[in-house]
Amino acid sequence: MSAPVVVERQSLTDRLLACGLVAGPLFVVVFLLEGVFKGAGYDVLRHPVSSLALGAGGWVQVVNFLVAGVLTMAFSVGVWRSGYRVGAVLIGVWGLGLLGAGLFTTDPVSGFPLGTPATSDYTASGALHDGFSLPAFLALFVAQLVLSRGNGRRWLAYSLLSATAFLVCFFLASAGFNQTAGLVAVGGLFQRLAVVIGWGFTVALAVRLRRT
């Protein structure tokens with residue numbers, strides 16, 4: 001393979017990996033701003049990020065999911081081209097989950113939108129939303145374990161700590177959304193912590209892979 005071709009392939013890989021630098025921070029900034037301005041009974045400590053897609057202005061979070069999903073899918077291709085095939089597939093599942101979460105809105109939970117019960121029966125859209133989202137969270141957790149190896153002790157320690165914190169926050173958030181006493185009022189907080197931790201790992205991974 002000629003030098004110009006090698007350089008072009010590396011340039012493409014770098015651009016794909018750069019999508020991993022953008023996806024997480026953009027997603028987090030958008031949902032944080034949405035939470036501030038949502039109003040109408042929305043509580044960032046209590047309600048999930050997905051509930052931002054309900055009610056007035058919900059299209060912003062829908063677009064946020066879709067853009068983050070497309071960027072993450074591109075990032076997964078960059079990870080694949082970097083030689084981490086299993087990790088790339090897992091990150092691709094995370095990206096697909098984001099796309100599905102954008103295409104199918106969640107059902108009301110924890111009293112949002114106003115006037116809805118704490119829990120409700122699944123609609124088709126809500127079932128599909130969770131059907132995409134839950135495997136995506138699991139895939140991101142496993143990706144942190146799979147991609148923890150072969151890059152030194154500091155990376156190993158960071159990846160394992162990140163995966164552990166991510167999983168704990170995810171389960172606490174899920175318990176809150178399932179109306180577990182003592183966690184209902186902070187379900188949204190724990191979900192946001194899980195999301196920030198997970199996106200933080202993808203950004204750190206993108207930085208590491210672009211340097212190698």
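1. Among the 7 residue names that could be grouped around the largest cavity, a simple division helps: the lining consists of 5 nonpolar residues, 1 polar residue and 1 charged residue. The structure is a predicted model, and the residues that line this cavity are Tyr 84, Leu 147, Asn 151, Trp 155, Leu 205, Arg 208 and Leu 209. Helix α6 gives the most to this lining, with 3 residues.

2. How many cavities of 30 Å³ or more are there by the rule used here? The count comes to 1 cavity, and the volume of the largest cavity is about 30 Å³.

3. The largest pocket is a separate topic, and its volume is about 700 Å³. Its lining is made up of 30 residues, and those that lie nearest the centre of the pocket are Thr 106, His 129, Asp 130, Leu 134 and Phe 177. The elements that each give two or more residues to this lining are α3 (85-103), α4 (124-146), α5 (153-177) and α6 (187-211).

4. Which helix gives the most to the lining of the largest pocket? It is α4, which gives 6 residues. When the lining residues of the largest pocket are divided by character, 18 are nonpolar, 10 are polar and 2 are charged.

5. The loop between α3 and α4 deserves a careful look, for Pro 113 is found there, and a cis peptide bond, with omega at about 0 degrees, joins Phe 112 to Pro 113. Ser 110 also has its place in the loop between α3 and α4, and this residue has a positive phi of about 55 degrees although it is not a glycine.

6. Is Ser 110 buried or exposed? Buried means under 20% relative accessible area, and Ser 110 counts as buried because its relative accessibility is 3%.

7. Another positive phi is found at Ala 40, where the angle is near 50 degrees in a residue other than glycine. Ala 40 lies in the loop between α1 (3-37) and α2 (58-81). Exposed means over 50% relative accessible area, and Ala 40 counts as exposed because its relative accessibility is 56%.

8. Turning to the packing of helices, the axes of α2 and α6 come within 11 Å of one another and cross at roughly 40 degrees. That angle makes α2 oblique to α6, since angles under 35 degrees count as roughly parallel and those of 65 to 115 degrees as roughly perpendicular. The crossing of α2 and α6 is left-handed.

9. Leu 98 is a residue of helix α3, and Leu 98 is buried because its relative accessible area is 4%, where the limit for buried is under 20%. How far apart in space are Leu 98 and Arg 15, C-alpha to C-alpha? The two residues are 21 Å apart in space, while in sequence 83 residues separate Leu 98 from Arg 15.

Technical notes:
Residues numbered from 1 in each chain as written. Predicted model: local features only at pLDDT ≥ 70, side-chain atom pairs only at ≥ 80, totals over all residues. Heavy atoms only, no water. 1 Å grid on protein atoms, 1.4 Å probe; cavity = no way out; pocket = protein on both sides within 12 Å on 5 of 7 lines; lining within 4 Å. Points joined across faces, edges and corners; volume = space filled by probe spheres on them. Helix = DSSP H or I, 4+ residues; strand = E, 2+ residues; numbered from the N terminus. Nonpolar A, V, L, I, M, F, W, Y, C, P; charged D, E, K, R; others polar. Buried < 20%, exposed > 50% of the residue type's maximum accessible area, 1.4 Å probe, protein only. Axes fitted to C-alpha atoms, helices over the stretch in contact; angles between N-to-C directions. Parallel < 35°, antiparallel > 145°, perpendicular 65-115°, else oblique. Left-handed = near helix turned anticlockwise from the far one by under 90°.
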